[in-house]
Amino acid sequence: MVEGNEHGCGGHVLNKSTMNSLTIFLVGWFVFLGIFPATERGIDTDPKRLDKEIAFRFGNGIFNKTVIVPRNETLEGEVVQGRYYRIERHDTILGYAYAGRVKSCRKDGCSIPRSMTADETSEFFDYFMLFNPKLEVVSVVVYNYEATHGQEITARGWLRQFIGYNGGTGLKVGKNVDAISGATISVYGIVDDIVTKSALLRKII
Amino acid sequence: MKTQLLTIIMILCAGLVQAQQPDTITGTYKNTAEQMISSSGKLGIGGYGEVHYNQPLGKNQYQPGTLDVHRMVLFVGYNFSSKTQFVSEVEVEYAKEIWIEQAFLQQKLHKYVNLRAGLLLVPMGIINEYHEPGTFNGVERPVIDNKLALSTWRDIGLGFTGTVLPFSLKYQVYIMGGLSGYDTKAVFSADKGLREGRQKGSKAYVTSPAFSGKIEYFGLRNLNIGLSGYVGKSQSKLFVKLNKDSAELVRDADSSVVGISMVGVDFRYAVKGFEARGQFYYNYLSNTSQYNLFTRSGEKNNDLGRAMIGYYAEVGYNLFRLLPKTRLELIPFVRYEFYNMQQSVEEPVIRNQIYENTMITAGLTFKLNRYAVFKTDFQFYKAAGDPSWSKVMNMGVGVMF
């Protein structure tokens, strides 16, 4: 038999006050879900971030963004999950941009190939790329990340390695693109998308 | 009151209107196989597996090796909608024990907030969350993750997780059931630590909930830093049907409980084929004095430590990075680990050097592709009082899909 007790009341079953707090908490959350139902948010293919980055890379001053390929258009037999823009200032082409979504999947849940426009996924991220008039990549920015893992690809320093990419199969994960342990799906996802969307741009210009 | 009601109705209507999305799918798809798979990509199947061969190397004694299908895990997930998903993992350990590693429902409330409820992985340590064989070097998981972060540690609970992109932070915070500390006899000891207390979501009993959380920062290129914490009291079967008025029995029950606080820091860094990772863990237990006296067997007190500490540092390099044509990777690595299950003790426990261990692992990871690996390594380990190092050789195969 041991003396004394450091714990005060010690461990005990979820008592009445805890149960009450928990009930209020759960009711509150369901009310919250009721007021803000799970609405379908489309891809924001014209984020404010894009304008800021255009100003940063192409100089301050007015510019014109023209959509040259709208979202969900079919190009070369593939539906494009984003938009292409042409960026101009006073009749000079400053460059081009692509903004779109990459559908990812949960790690160790990727075996069954997913249809590219299956909206029924909560694993995705949205990014944009800027190209100069020579169609070289000058910037890659991930502006929305909602997948469960792989968020390390959003680091600006990591995305810097795509600057200068000018098409072709020059991007190899583990060779000239740093791999990220635990983020394999997102790494390959964004590299594949950068390669395909750059190639598509070359076909439509 | 009327304005509030009106506002709520307007918000609900706005929500409903937004929920109507025009059908924007215009194209056809090249890959018809994709369409044959069930229900437009809602079901996800995957998994991983590891087969191990562990061979202790001794001079004077015969030492049999162990051949083991250490684990096979099947992942089944279902996306009910773009906001609601179910995630589950079924594990078969040692080719015969079946456990559920994860089984939870996740609801996206906001782009930075997801609600999770069910059997969740406790967010302590790198391995608990990233335990697929292709994601770590060495056949066996680091011993720190086993002894202090209790991998694979999972419990039933509820909480939130999300990635807050503007701050480059990912967070997880949960309330969950706790570790069992007393079940007709002591569950904890210096040798086993808290590991046997894992209830794994199997008819788990709860007498007091625990809280656990983790924050990861990923703003710096190629670096992921994590900070984890866990706090809670251990559970005790002595509270079952315990009358709150029986003072003596309540005191006994209290003596069979320890307070658990854990904190962990981890980092993973990888650049140009070079990878490094490290972890530091500290567990602090309160009330161990009473616990050890109460759970004595005969004349011998229990020896659970008041504080446990563990850390490791590992480096590796992909030699095949320099070969442009191949997807294969060959990664030699070395890892140094130290842990002490009795970093500090409370009376009447006397520290025993047998619980202060150093382990050095050196080996090769050979990746056939992103998801299939061959591994081999040598491990040298020694308790503080040992005159010489014990050695074990390991070989293993790991896949994920």
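The following dialogue explains how several descriptions of this predicted model are justified.

Modeller: This is a predicted model, in which local features need pLDDT of at least 70, side-chain atom pairs count only at pLDDT 80 or more, and totals for chains, interfaces and linings use all residues. Residues are numbered from 1 along each chain as its sequence is written, chains are lettered from A and ligands numbered from 1 in the order in which they are written, and side-chain values use heavy atoms, with hydrogens and water left out.

Biologist: How many helices and strands does chain A have, and what pattern do they follow?

Modeller: Helices (H or I, at least four residues) and strands (E, at least two) are DSSP runs, numbered from the N terminus. On that basis chain A has four helices and seven strands, and along the sequence they read α-α-β-β-β-β-β-β-β-α-α.

Biologist: What share of the residues of chain A counts as buried?

Modeller: A residue is buried under 20% relative accessible area, exposed over 50%, and partly exposed in between, with a 1.4 Å probe and protein chains only. Of the 205 residues of chain A, 52% count as buried.

Biologist: What is the span of helix 4 of chain A, set against the expected value?

Modeller: The expected span is 1.5 Å times one less than the number of residues. Helix 4 of chain A covers residues 184-204, which is 21 residues, and reaches 30 Å from its first C-alpha to its last, close to the 30 Å expected.

Biologist: Which elements do the buried residues of helix 4 of chain A pack against?

Modeller: The buried residues include Ile185(A), Val187(A), Ile190(A), Val191(A), Ile194(A) and Leu201(A). Contact means heavy atoms within 4.5 Å. The buried residues of the helix pack against strand 2, strand 4, strand 5, strand 6, strand 7 and helix 3 of chain A. Ile194(A), for example, touches Tyr127(A), Met129(A), Val140(A), Phe162(A), Tyr165(A) and Leu171(A), not counting residues up to four places away in sequence.

Biologist: What makes a group of residues a nonpolar core, and which residues touch the most other members of the largest one?

Modeller: A nonpolar core is a set of buried Ala, Val, Leu, Ile, Met, Phe, Trp, Tyr and Cys residues joined through side-chain atoms within 4.5 Å. The largest has 37 residues, of which Tyr127(A), Val140(A), Trp158(A), Phe162(A), Ile190(A) and Ile194(A) touch the most other members. Strand 5, strand 6, strand 7, helix 3 and helix 4 of chain A each give two or more residues to this core. Helix 4 of chain A gives the most, with seven residues. A second, separate core of 36 residues includes Leu120(B), Trp153(B), Ile260(B) and Leu285(B).

Biologist: How many aromatic pairs are found over all chains, and why is the pair of Tyr84(A) and Tyr98(A) called tilted?

Modeller: The search of the whole structure finds twelve aromatic pairs. Rings of Phe, Tyr and Trp (its six-membered ring) pair if their centres lie within 6.5 Å; planes under 30 degrees apart count as stacked, over 60 as edge-to-face and the rest as tilted. The rings of Tyr84(A) and Tyr98(A) lie 4.8 Å apart centre to centre, with 50° between the planes, so the pair is tilted. Tyr84(A) lies in strand 4 of chain A and Tyr98(A) in strand 5 of chain A, so the pair ties together parts that are 14 residues apart in sequence. Tyr84(A) counts as buried at 0% relative accessibility, and Tyr98(A) is likewise buried at 0%.

Biologist: Why is the pair of Trp158(A) and Phe162(A) called edge-to-face?

Modeller: The centres of Trp158(A) and Phe162(A) are 5.4 Å apart and the planes meet at 75°, so the pair is edge-to-face. Trp158(A) is buried, with a relative accessible area of 0%, and Phe162(A) is buried with a value of 0%.

Biologist: How do you know that strand 5 of chain B pairs with strand 4 of chain B?

Modeller: Two strands pair if DSSP finds at least two bridges between them. Seven bridges join strand 4 (residues 97-110) of chain B to strand 5 of chain B, so these antiparallel strands pair. Leu105(B) has Ala117(B) as its bridge partner in strand 5 of chain B. Eight bridges join strand 5 of chain B to strand 6 of chain B, also antiparallel. Seven of the nine residues of strand 5 of chain B are buried.

Biologist: Is Ser168(B) buried or exposed?

Modeller: Ser168(B) is buried, because its relative accessible area is 15%. Ser168(B) has a positive phi of about 55° although it is not a glycine.
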